[in-house]
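Open the model in your viewer, keep the selection box handy, and follow along stop by stop.

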Amino acid sequence: MKKSLLILSLLMSGCAIAPLSDNAKNVNVVFDNTTTAADCQPLDTAVGSEGHWYSYWFVTNDDLSLGAINRLRNYAAEIGGNRVELSRQMFFKTSVTFVGHIYHCPTK
């Protein structure tokens, strides 16, 4: 019984989504954008993914999507970006994955 509770608690602890760091709160996410402002500097292309084979039973798709976007925003903030343009979402049965292009754009 104790082993079952331990395993269940370990699995459930992996169900929390990636939190948004304080530095990433000013990173804008753009969906369905057709053009990037000419004065934005491209920094990187990255993948944000959230979910595992054991956690998708306990976490909603909305939360998985938010966690994947948070990962992209956190990474953008780490490398000096302030804009993430999502170009693609990949659907899997157990996770959500986005491909994002990271830019640094002048603030107005």
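**Stop one: the core**

Begin with Leu72, Val84, Leu86 and Phe98: among the 14 residues of the largest nonpolar core, these touch the most other members. Such a core is a set of buried Ala, Val, Leu, Ile, Met, Phe, Trp, Tyr and Cys residues joined through side-chain atoms within 4.5 Å. Buried here means under 20% relative accessible area, exposed means over 50%, and partly exposed lies in between, with a 1.4 Å probe and protein chains only. Now color helix 2, strand 3 (83-91) and strand 4 (96-104), the elements that each give two or more residues to this core. Helix 2 supplies the largest share, 5 residues. Helices (H or I, at least four residues) and strands (E, at least two) are DSSP runs, numbered from the N terminus.

Before moving on, a note on the model: it is predicted, local features need pLDDT of at least 70, side-chain atom pairs count only at pLDDT 80 or more, and totals for chains, interfaces and linings use all residues. Residues are numbered from 1 along each chain as its sequence is written, and side-chain values use heavy atoms, with hydrogens and water left out.

Select Leu72 and show its surroundings. Leaving aside residues up to four places away in sequence, Leu72 touches Ala46, Val47, Gly48, Val84, Leu86, Phe98 and Gly100. Contact is counted when heavy atoms lie within 4.5 Å.

**Stop two: a buried arginine**

Stay on helix 2 (residues 61-78) and select Arg73. Which side chain of opposite charge is nearest to Arg73? The nearest is Asp22, 10 Å away, and Arg73 is buried yet has no salt bridge. For charges, Lys and Arg count as positive and Asp and Glu as negative, while His and the chain ends are not counted. A salt bridge needs a side-chain nitrogen of Lys or Arg within 4 Å of a carboxyl oxygen of Asp or Glu.

What does the side chain of Arg73 reach? Draw a distance to the backbone oxygen of Lys25, and you should read 3.2 Å. Again setting aside residues up to four places away in sequence, Arg73 touches Leu20, Ala24, Lys25, Val27 and Val29.

**Stop three: the salt bridges**

Side chains of opposite charge can pair when their charged atoms come close. How many salt bridges does a search of the whole structure find? The search finds 3.

Lys25 is a good place to start, as you have just visited its backbone oxygen. Its side chain meets that of Asp22 in a salt bridge, 3.2 Å from N to O. Lys25 counts as exposed at 51% relative accessibility, and Asp22 is exposed too, at 61%.

Next, select Arg71 and Glu50, whose side chains meet in a salt bridge at 2.7 Å, N to O. This pair links distant parts of the chain, with Arg71 in helix 2 and Glu50 in strand 2, 21 residues apart. Arg71 is partly exposed, with a relative accessible area of 39%, whereas Glu50 is buried at 6%.

Then go to Glu85 in strand 3. Its side chain forms a salt bridge with Arg83 at 2.8 Å, N to O. Are these partners buried or exposed? Arg83 counts as buried at 18% relative accessibility, and Glu85 counts as buried at 8%.

**Stop four: the disulfide**

A disulfide is a covalent bond between the sulfur atoms of two cysteines. The structure holds 1 disulfide, counted as a pair of cysteine sulfur atoms within 2.5 Å. Select Cys40 and Cys105, which are joined with an S to S distance of 2.0 Å. Look along the S-S bond: the link is right-handed, with 115° about that bond. Cys40 sits in the loop between strand 1 (28-31) and strand 2 (41-50) and Cys105 in the segment after strand 4, so the pair ties together parts that are 65 residues apart in sequence. Both cysteines are buried.

In the loop between strand 1 and strand 2, pick Ala38. Ala38 counts as exposed, at 84% relative accessibility. From Ala38 to Cys105 the C-alpha to C-alpha distance is 9.0 Å, though they are 67 residues apart in sequence.

**Last stop: another loop**

Finish at Ala16, in the loop between helix 1 (2-13) and strand 1. Ala16 is exposed, with a relative accessible area of 56%. Add Phe58 to the selection: it is 42 residues from Ala16 in sequence and 9.4 Å away in space, C-alpha to C-alpha.

Definitions and conventions: A polar contact is a pair of N or O atoms within 3.5 Å; within protein, one must be able to donate a hydrogen and the other to accept it, and residues adjacent in sequence count only if both atoms are side-chain atoms.
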